[in-house]
Amino acid sequence: MALLEVDGLVVHYGKINALKGVSIRLEQGDLVTLIGANGAGKTTLLNTLSGVVKATRGTVRFGGEDVVNKRPEEVVARGISHVPEGRKIFSELSVEENLQVGAYTIKDKARVRELVERSFELFPRLAERRKQEGGTLSGGEQQMLAIARGLMSDPKILFLDEPSLGIAPLMVDKIFDFIVQINKMGKTILLVEQNANLALQVARYGYILETGKITHEAPCSELRTDDAIRRAYLGVS
Amino acid sequence: MISISRKYRLVLQLCVGLLLIALPYLLGNQYFVRIATMIGIYVVLASSLNLIIGFTGMYSLGHGAFYGIGAYASAILSLSLHWPFWVTMPLAGLFTAMVGAFLGLATLRLRQTFLVFGTLAFGEIVRILIMNWNSLTRGPMGIPGIPVPSLFGFSFKNFSNYYYLVLVFAALVVFLIARLYRSRVGRAWVAIREDEVAASTMGVPVFGYKVLAFTISCLFTGLAGAFYGHFVRYISADQFGMNESFLILTMVALGGTGSIIGPVIGAVILMLIPELFRFLAQYRSVLYGAILILVIVVKPEGLAGVKGLFVPPSGTARFHFRKQKIDSAAEGQAGGGAA
């Protein structure tokens with residue numbers, strides 16, 4: 001049984017039809033990427049899965065349970081964590097406080113401390129900046145903090161929305177190393193990216209989203225060699 | 001703000017505490033003691049409004065009305081049922097909190113601009129209601145003869161005694177708010193202020209926390225109303241109108257949104273200015289308006305503030321010549337944190 005199974009998801013913003021029946025599957029421990037151009041509906045899909053946006057139709061099954069249109073806090077409590085686009089760090093809170101908010105659904109204080117320490121082990125860079133305000137970090141560090149914060153709820157699945165956005169190229173490679181490392185820790189990851197080149201290298205399976213519809217899906221090794229995709233997304237003529 | 005080391009901060013706090021305790025003796029004059037007492041009440045009002053504006057990043061222009069609801073509730077209960085202040089005061093607070101919770105449930109899903117109008121309209125409705133509900137509030141005649149509280153035969157009629165009563169109350173409220181700010185609840189509020197969507201994806205029930213902030217703020221505001229009514233002993237509708245809401249707002253804005261000490265500073269300054277410039281009494285509203293505009297243009301986070309109502313979210317356009325300065329100021333502030 002798949003860990004996350006999305007079937008025929010339809011989303012409207014007012015009269016605008018943003019998702020026109022999207023279906024994807026993620027197995028336990030998988031690293032799957034969703035790529036597509038600006039406005040294809042990638043962020044809308046993640047927002048719907050995490051309960052921020054409501055779906056018009058379709059089902060979302062997570063661990064066998066229907067979670068479509070549940071409130072965000074209920075979704076988080078079930079083990080889904082969403083690292084939003086543009087990092088969205090709480091800039092006036094310290095690094096540590098940002099992490100604590102990430103563990104919001106965990107009531108046990110000792111467990112939260114444990115998770116904070118785990119984040120600092122995973123991202124030593126953040127440990128150095130523990131007491132510093134989130135807004136004063138560099139873009140790459142903020143992205144690390146956003147990912148660490150996403151892991152604080154100890155989720156089964158992690159959604160990453162454009163982790164490479166607006167970050168120095170050297171740092172992007174580092175971030176992607178972390179993504180692979182987190183996946184190896186056993187976390188299932190759904191990676192949404194515009195940087196198709198990189199995403200197709202690290203992920204196992206890929207979906208291509210175009211104006212609200214999945215147009216291609218295949219193992220990434222196949223997508224990388226597909227001529228149409230190379231032309232459209234990898235900048236190869 | 002300059003960060004003060006722990007040791008010095010403790011010494012400073014002790015000095016301020018001693019000064020506040022000795023104040024009635026230092027001032028001597030009952031008139032000054034009266035002003036000091038009023039400052040205490042406004043410290044509570046500004047600090048509770050800061051919960052909404054500074055911590056959670058919402059708006060309320062109806063706090064004058066909540067202040068009035070607390071004052072009227074306690075006055076009516078003690079005059080008609082002859083209950084002691086120690087019963088009517090907490091009841092007035094709870095009643096105000098309840099009204100606040102209902103208003104919050106009804107309006108807090110509104111976008112910011114609409115929330116401003118919603119709370120503003122609510123304030124006016126309350127004022128008009130008080131003005132016209134003759135059987136309950138005596139309408140435009142107001143309520144005179146509100147009893148002075150006493151405790152085990154000890155009366156607070158003397159201004160100095162009442163000053164101490166308000167001092168304890170204000171210190172307690174500021175302390176409680178500071179504790180809340182550093183708690184799980186406080187972090188959730190700040191997270192909502194910083195980014196509502198991000199907060200909700202972390203599992204913070206945003207709407208619930210907004211209503212909670214509104215309710216707690218109204219609780220303290222209502223209590224302050226009760227303390228005010230039993231102090232001045234005569235209340236009328238015009239004391240709790242829109243001007244009052246704007247006065248409290250200006251205190252928070254001037255002192256600093258989102259910090260603990262900011263609203264206290266704002267309350268002290270704005271209560272002292274009219275007393276120092278009594279000859280300008282009729283221009284008081286003009287002065288408050290000018291201060292509010294000045295703060296927004298020159299120092300949107302206020303004298304000791306962190307962030308809040310008047311600081312636009314990063315990325316939005318603002319005066320270009322200020323932009324860089326504010327960014328560097330924010331970075332400089334990073335080490336210090338909230339006072």
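## Exercises on a predicted two-chain model

Of the 237 residues in chain A, 48% count as buried. Keep in mind as you work that the model is predicted.

**Exercise 1. Decide how the radius of gyration of chain A compares with the value for a compact globule.**

Step 1. Begin with the chain length: for 237 residues, a compact globule would have a radius of gyration near 18 Å.

Step 2. Set the computed value beside it: chain A has 17 Å, which agrees.

Step 3. Add the extents. The C-alpha trace of chain A spans about 45 × 40 × 35 Å along its principal axes.

Step 4. Look at the contacts in chain A with a separation of 6 or more: 65% of them come from residues 24 or more positions apart. As for secondary structure, chain A has 10 helices and 10 strands.

**Exercise 2. Work out how strand 1 and strand 2 of chain A pair, and describe the turn of their hairpin.**

Step 1. Find the partners: strand 1 covers residues 4-13 of chain A and strand 2 covers residues 16-26.

Step 2. Read off the sense. These two strands of chain A are antiparallel, with 8 bridges.

Step 3. Check the register at one position: A:Val10 lies opposite A:Lys20, a residue of strand 2 of chain A.

Step 4. Finish with the turn. The hairpin leaves 2 residues between strand 1 and strand 2 of chain A, and A:Gly14 in the turn has a positive phi of about 60°.

**Exercise 3. Locate A:Asp154 and B:Arg233, which have a positive phi although neither is a glycine, and classify their exposure.**

Step 1. Take A:Asp154, whose phi is about 50°. A:Asp154 sits in the loop between helix 6 (139-151) and strand 7 (157-161) of chain A.

Step 2. Count its neighbours: A:Asp154 has 17 other C-beta atoms within 10 Å, so it is partly exposed. The cut-offs here are 20 or more for buried and 12 or fewer for exposed.

Step 3. Turn to B:Arg233, with a phi of about 70°. B:Arg233 belongs to the loop between helix 10 and helix 11 (242-255) of chain B.

Step 4. Apply the same kind of count: B:Arg233 has 14 C-beta neighbours inside 10 Å and therefore counts as partly exposed.

**Exercise 4. Describe the side of chain A that touches chain B.**

Step 1. Count the residues: 24 of chain A are in contact with 19 of chain B.

Step 2. Name the elements of chain A that give two or more residues to this side: helix 2 (72-77) and helix 3 (95-102).

Step 3. Sort the residues on this side of chain A: 9 are nonpolar, 10 polar and 5 charged.

**Exercise 5. Explain why helix 8 of chain B is described as largely enclosed, then analyse its packing against helix 3 of chain A.**

Step 1. Count the buried residues. Helix 8 (residues 184-194) of chain B has 8 of its 11 residues buried, so the rest of the structure largely encloses it. Among them are B:Trp189, B:Val190 and B:Ile192.

Step 2. Identify the cover, which includes helix 3 of chain A as well as helix 2 (30-55), helix 9 (196-201) and helix 10 (206-232) of chain B.

Step 3. Get the geometry: helix 3 of chain A and helix 8 of chain B pack at about 95°, and their axes are 10 Å apart. The two helices are therefore roughly perpendicular to each other.

Step 4. List the contact residues. Helix 3 of chain A supplies A:Glu97, A:Gln100 and A:Val101, while helix 8 of chain B supplies B:Arg187, B:Ala188 and B:Ala191.

Step 5. Classify the residues of this contact: 3 nonpolar, 1 polar and 2 charged.

Terms used: Residues numbered from 1 in each chain as written. Chains lettered and ligands numbered in written order. Predicted model: local features only at pLDDT ≥ 70, side-chain atom pairs only at ≥ 80, totals over all residues. Pairing = 2+ DSSP bridges. Helix = DSSP H or I, 4+ residues; strand = E, 2+ residues; numbered from the N terminus. Rg over C-alpha atoms; globule rule 2.2 N^0.38 Å. Contact = placed C-beta atoms within 7 Å. Nonpolar A, V, L, I, M, F, W, Y, C, P; charged D, E, K, R; others polar. Axes fitted to C-alpha atoms, helices over the stretch in contact; angles between N-to-C directions. Parallel < 35°, antiparallel > 145°, perpendicular 65-115°, else oblique.
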